[in-house]
Amino acid sequence: MSRTSLQCRECKKEYETAFKYICEDCFGPLDVKYNFSRVSKEAFSNREHNYWRYFEFLPIEDKSNIVSIGAGMTPLIKADKLGKKLGLKNLYIKNDSVNPTFSFKDRPAGVAISKAKEFGLSAVGCASTGNLASATAAHAAKGGFPCHIFAPSDIEMAKITQALSYGANYIAVDGTYDDANRIAAQIGDSKGIGIVNINMRSHYVEGSKTLAFEVAEQLDWQVPDQLIVPVGSGAMLNAICKGFEELQTVSLLGNVTNMHMIAAQPHGCAPIVDAFKKKSKDVTPVENPDTIAKSLAIGDPGDGRYVLKRLQQYNGFAEECNNEEILDAILLLAQTEGIFTEPAGGVSISVLQKMVEQGKIDTNDKVVCYVTGNGLKATESIMEGLQKPKVLKANVAEVSAVVN
Ligand SMILES: Cc1ncc(COP(=O)(O)O)c(C=O)c1O
Ligand SMILES: [Zn+2]
């Protein structure tokens, strides 16, 4: 018997696991449902040091279908120096910028491509704001799949270079992420391509649950009080909640209902923050996103409504920050904790700072801030907040004058 089934998030209708992602009755999204058996904490003591250590919670039937490039088990850093600056005694940074392709997207992409192998698909792809492109392309290379990337044309050069290097067919669309997404959806369905974040989405999102599993295990199976999550489509925030809930279901964690989820978005593309502040249940799309946090520039977030529900369920908040605040936060994190993040991570840190200033986070709270992408992927925009070094003559006297 299959370990998993698919269940509609809206009407709860169940389906046998298959290459499908939308409910036939109500068009709601399908989620993976598991027949869990109890797992002990000790079971994890000598497992592999990557996210496949949580195999029981991932939707792959046969381990031989796993396509892994060793992602996951990234450091959870006790950020005492940054914490002191912000007035927090128990601040942790989940540094997911050090995954093999340098963003958290290795988690959902790896699970989706493993499932594509299990389904026997012949090609994969994705619609991407930049990071998913490389995560999908790298796993496709490892799994032996042709890979088609659909992305807006204006993303960072490092992200394009990286995805091309893995051998992907890179289609730069003259338009927004939403345009690229719409085209990817149509081409994926008509050509039978497993588009990881569209027609493979039910399985794809499962990978991001491991951001909850690792944090829980790294905190010695304790539930954090506050979680700050950068939000684009909202898939990751939703998956983190599902992950904590599943750990409670199998008794690896106690009650998770008291944790607070905080959604962080950049000004210029903050449709979920807008809806939250207006107390609306629906998200009004941003037509032309404008932010240096290009990886979060998703004007019409697929899981937006569900993020709003999660914020309500977990007594959460949503907040935004502008470009200048993002750049300041990138430098603050780099100069206190030695972690160099791209603008999406700057959004998390800036919103964390705002939550403390607004009194929404207490000094003693156990706070986990997710930093999900690497600064080396977005040096053009980060350089805007820095000064290019002046070139000096190779002369000791001249150089000595500027070393004080
Ligand atoms: C670095 C980074 N952080 C966060 C996100 C947001 O993830 P989601 O679209 O699941 O909300 C993205 C999305 O592309 C990203 O690249
Ligand atoms: Zn349904």
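Partly exposed here means a relative accessible area between the buried limit, under 20%, and the exposed limit, over 50%. At 27%, Phe36 therefore lands in that partly exposed band. Keep in mind that this is a predicted model. With that in hand, here's a quick look at its aromatic pairs, its main nonpolar core and a patch on the surface.

**Aromatic pairs and their cluster**

- Searching the whole structure turns up 9 aromatic pairs.
- Phe36 and Phe57 make one of them, a tilted pair with 5.3 Å from centre to centre and 45° between the planes.
- Both rings sit in the loop between β3 (30-34) and β4 (76-78), so their pairing ties together parts that are 21 residues apart in sequence.
- The two partners differ in cover: Phe36 is partly exposed at 27%, whereas Phe57 is buried, with 0% relative accessibility.
- Phe44 and Tyr54 give another tilted pair, at 5.5 Å centre to centre and again with 45° between the planes.
- Here too both residues belong to the loop between β3 and β4, so this contact links parts 10 residues apart in sequence.
- Phe44 is buried, with a relative accessible area of 1%, and Tyr54 is buried with a value of 1% as well.
- Zoom out and these four rings join Tyr34, Phe213 and Trp221 in one aromatic cluster.

**Charges over Tyr306**

- Arg9 places its charged end over the ring of Tyr306, 4.4 Å from the ring centre.
- Arg305 also lies over the face of Tyr306, at 5.3 Å from the centre of the ring.

**The largest nonpolar core**

- Nonpolar side chains tend to be buried together in soluble globular proteins.
- In this model the largest nonpolar core holds 43 residues, and the members touching the most others are Phe57, Leu237, Ile240, Phe244, Met261 and Tyr370.
- At least two core residues come from each of these helices: α7 (210-218), α8 (235-249), α9 (271-277) and α10 (304-313).
- The strands β10 (226-230), β11 (260-266) and β13 (366-371) likewise each supply at least two.
- Helix α8 gives the largest share, with 6 residues.
- Phe57 is worth a second look: this ring belongs to the aromatic cluster and is also among the core members with the most contacts to other members.

**A nonpolar patch on the surface**

- Val399, Val402 and Val403 make a nonpolar surface patch of about 260 Å².
- Val399 is found in helix α14 (residues 396-400).
- With 35% relative accessibility, Val399 counts as partly exposed.

Note on methods
Residues are numbered from 1 along each chain as its sequence is written. Chains are lettered from A and ligands numbered from 1 in the order in which they are written. This is a predicted model: local features need pLDDT of at least 70, side-chain atom pairs count only at pLDDT 80 or more; totals for chains, interfaces and linings use all residues. Side-chain values use heavy atoms; hydrogens and water are left out. Patches are made of residues with over 30% relative accessible area and no salt bridge: like charges are joined within 9 Å, nonpolar side chains (Val, Leu, Ile, Met, Phe, Trp, Tyr) within 5 Å. Accessible areas come from the Shrake-Rupley method with a 1.4 Å probe; for residues, only the protein chains shown count as cover. A salt bridge is a side-chain nitrogen of Lys or Arg within 4 Å of a carboxyl oxygen of Asp or Glu. Helices (H or I, at least four residues) and strands (E, at least two) are DSSP runs, numbered from the N terminus. Buried means under 20% relative accessible area, exposed over 50%, partly exposed in between (1.4 Å probe, protein chains only). Rings of Phe, Tyr and Trp (its six-membered ring) pair if their centres lie within 6.5 Å; planes under 30 degrees apart count as stacked, over 60 as edge-to-face and the rest as tilted. A charge sits over a ring if NZ of Lys or CZ of Arg is within 6 Å of the ring centre and within 35 degrees of the ring normal. A nonpolar core is a set of buried Ala, Val, Leu, Ile, Met, Phe, Trp, Tyr and Cys residues joined through side-chain atoms within 4.5 Å.
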